[in-house]
Amino acid sequence: MTYSELVLELINKDDRYMIMTSENRAAFRNLPPLIKNNFIDTGITEQTLIGMAAGFALRGRIPIVHALATFLTMRAFEFIRTDVGIGNLPVKIVGAVPGFLSDGNGPTHQAIEDVSIMRGIPHVNVFCPADEDDMMKGLPKVFSDPTPFYIRYNTTTPLTEHSNFEIGKAETFGNGKDVAILVYGFLFGEAFKAKSILEAKGISVRLINIRTPKPVDEQTLLKAADECNLVVTIEDHFITGGLYTILAEVLLRNRKTANVLPFALMNKWFKPALLNDVLEYEGFTAEQIAVKIMSALGK
Amino acid sequence: MTKEKLNELQQTALKVREHIIRMSGNGGCFIGASLSCTDLIVYLYKEFLNVSPKNFKDPNRDYFFLSKGHDVPALYGTYVELGWLEEDRLKNHLQTNDFIYWHPNRNIPGIEFHSGSLGHNLSVACGVALDCKLRKQNNKVVVVVGDGELNEGSMWEALLVASAYKLDNLMIIVDRNHFQANLMTEDLIPLDPLDKKFEAFGCCPITVDGHNFEMLEETISKFPFEENKISVIIAETVRGKGLPSIEKRADRWFVNFKEDEIQQLIKELHGEQSAYLTSETIIAR
């Protein structure tokens, strides 16, 4: 099922859903004529989009709003914080081309602080699906949940089938003890391939797809830190405020520590290029990740 | 408007202004803007809006948004006079045991949405107005905005969208008191010709004396002013209206008066004596 099909099905079942966009229609090009009374395009107006979504939510609607992740989370940040966050309204904020997915656009379009700033808002939860299958499994629960949610939209072709989704529960692949790889969003694919590379070299790996950085699956993180020699965090996000920070918060809250190897953007925007070249240039391919992990393990 | 009705509105507004003055001590409030929009809010709630505790949850009720949230004492004072809020609760102003502070909070019955950050409630009201239209309901949606608030780009952005969606169930009332926080609007970021700006954004603006109930009634009763257009009332008002000792003064925007000053100001409101104010000028934002 595609995103567009899912949304159409939801609206046909439940008139409360509103599809709203500030002229970003990539996810549902064919949909507007089919959902006339549940579709609003506000033009290139992220602030008004969020404010109006709050108004719709006050009327009992569940607005699902769309724009590029950077402009949505940053141009409209104070509207999300003030109208959706303080109001604790069930607005679903879908950010397109987050992280590395903005590939050739350049720094203006790079949403690589979005997880940090969205999770910092009280009431607002965050869902970062690994790929299209993960997103389709998660969205029905995320959309029907009464809380506001930020979603890192991701239709990457899946490398594996995902398990059933629960908000606040990570998905674990394998039970290795040498290294735990924690990842969310698009980079799950590289992490999944890195797992195979490492296992071929005799390293035992557990791969943890975080799914919802907020609420985070604290028990799964603690168990990984307890049982594995090395914990790796992988994210197409600034090092500040994302998964590395979330892990640090969880460990500190529980008076624990761990050997942690972070893969993140170290206070820099990434080199704009085609996606695969971005990964290579910035050191986020499966092979590059595997080599660094081997080195950290002293192998 | 009958003489009785006019007298009743004027008496209510007088009482609301007394509440505002009483809220201007013990931590203070934004008195200037509260006094400028008092007559507007009193008129809307008593004569125009179909909203009361009986229909607070009814989706067919009318909606009111105070986008310039810092003049909330005028709103709470009106709620007291309508019998929606116990007068004693105003004494909880700035106390941790209640929700009454310098900006509106939804825990107070009648408040549709919080405000305080300027430039927000117009887009929220657009969402409500558009939803009413989509559901083919005839609610009226009214937003009171500040003239200073019109500095915010989000106001004009929302107007573009409201105009595109032909939200003629939306009324915007500008409390045109000619002041923003510290300065007169025309001395900082000039707004005039304001009516032309609204016209250019697809609205139908009418300018009216915002303290004259008869003129307000004559204008507001024409709503919607034009089919498919947003009705805009530019309400010419006076900052600090009713208290000559603080009227039109940039330095009496936010005040924290002493008890004896409050007593003097209440007498001044009733034309009994002029107030002699010694409290230091406070400029807050």
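Let's start where the two chains meet: 22 residues of chain A are in contact with 20 residues of chain B. The whole picture comes from a predicted model. Below, we look at that meeting place, then at each chain in turn, and at the two domains that make up chain A.

**Where chain A meets chain B**

- On the chain A side, helix 2 and helix 4 (77-85) each supply at least two of the residues that touch chain B.
- Helix 2 of chain A gives the largest share of that side, with nine residues.
- Sorted by class, the side of chain A that touches chain B has eight nonpolar, 10 polar and four charged residues.

**A closer look at one helix pair**

- Helix 2 of chain A covers residues 46-58, and its axis comes within 9 Å of the axis of helix 5 of chain B, which covers residues 153-164.
- The two axes cross at roughly 70°, which makes helix 2 of chain A roughly perpendicular to helix 5 of chain B.
- From helix 2 of chain A, the residues making this contact are A:Gln47, A:Thr48 and A:Gly51.
- Helix 5 of chain B answers with B:Ser154, B:Glu157, B:Ala158 and B:Val161.
- By class, the contact between helix 2 of chain A and helix 5 of chain B is made up of two nonpolar, four polar and one charged residues.

**Chain A as a whole**

- If you trace chain A from end to end, you will find 11 helices and 11 strands.
- The radius of gyration of chain A is 19 Å, close to the 19 Å that the globule rule gives for 299 residues, so chain A is as compact as a globular protein of that length.
- Taken along the principal axes, the C-alpha atoms of chain A fill a box of roughly 60 × 40 × 35 Å.
- Buried residues account for 53% of the 299 residues of chain A.
- Among the contacts in chain A between residues at least 6 apart in sequence, 77% join residues at least 24 apart.

**The two domains of chain A**

- Chain A is divided into domain 1, which runs over residues 3-152, and domain 2, which runs over residues 171-296.
- The C-alpha centres of domain 1 and domain 2 of chain A are 26 Å apart.
- Where these domains touch, domain 1 of chain A contributes 25 residues and domain 2 of chain A contributes 27 residues.
- On the domain 1 side of chain A, helix 5 (114-119), strand 5 (125-127) and helix 6 (132-144) each supply at least two of the residues that touch domain 2 of chain A.
- That side of domain 1 of chain A has 11 nonpolar, eight polar and six charged residues.

**Chain B as a whole**

- Chain B has nine helices and five strands.
- Reading from the N terminus on, the elements of chain B follow the order α-α-β-α-α-β-α-β-α-α-β-α-β-α.
- Chain B has a radius of gyration of 18 Å, which agrees with the value near 19 Å that a compact globule of 285 residues would have.
- The C-alpha trace of chain B spans about 55 × 45 × 40 Å along its principal axes.
- Of the 285 residues in chain B, 50% are buried.
- Among contacts in chain B with a separation of 6 or more, 74% are between residues 24 or more positions apart.

How values were computed:
Residues are numbered from 1 along each chain as its sequence is written. Chains are lettered from A and ligands numbered from 1 in the order in which they are written. This is a predicted model: local features need pLDDT of at least 70, side-chain atom pairs count only at pLDDT 80 or more; totals for chains, interfaces and linings use all residues. Domain bounds come from an automatic or database domain assignment. Two residues are in contact if their C-beta atoms, placed from the backbone, lie within 7 Å. Helices (H or I, at least four residues) and strands (E, at least two) are DSSP runs, numbered from the N terminus. Ala, Val, Leu, Ile, Met, Phe, Trp, Tyr, Cys and Pro count as nonpolar, Asp, Glu, Lys and Arg as charged, and the others, Gly among them, as polar. Axes are lines fitted to C-alpha atoms, for helices over the stretch in contact, and angles run from 0 to 180 degrees between N-to-C directions. Angles under 35 degrees count as roughly parallel, over 145 as roughly antiparallel, 65 to 115 as roughly perpendicular and the rest as oblique. The radius of gyration is taken over C-alpha atoms; the globule rule is 2.2 Å times the number of residues to the power 0.38. A residue is buried if 20 or more other C-beta atoms lie within 10 Å of its own, exposed if 12 or fewer, and partly exposed in between; C-beta atoms are placed from the backbone.
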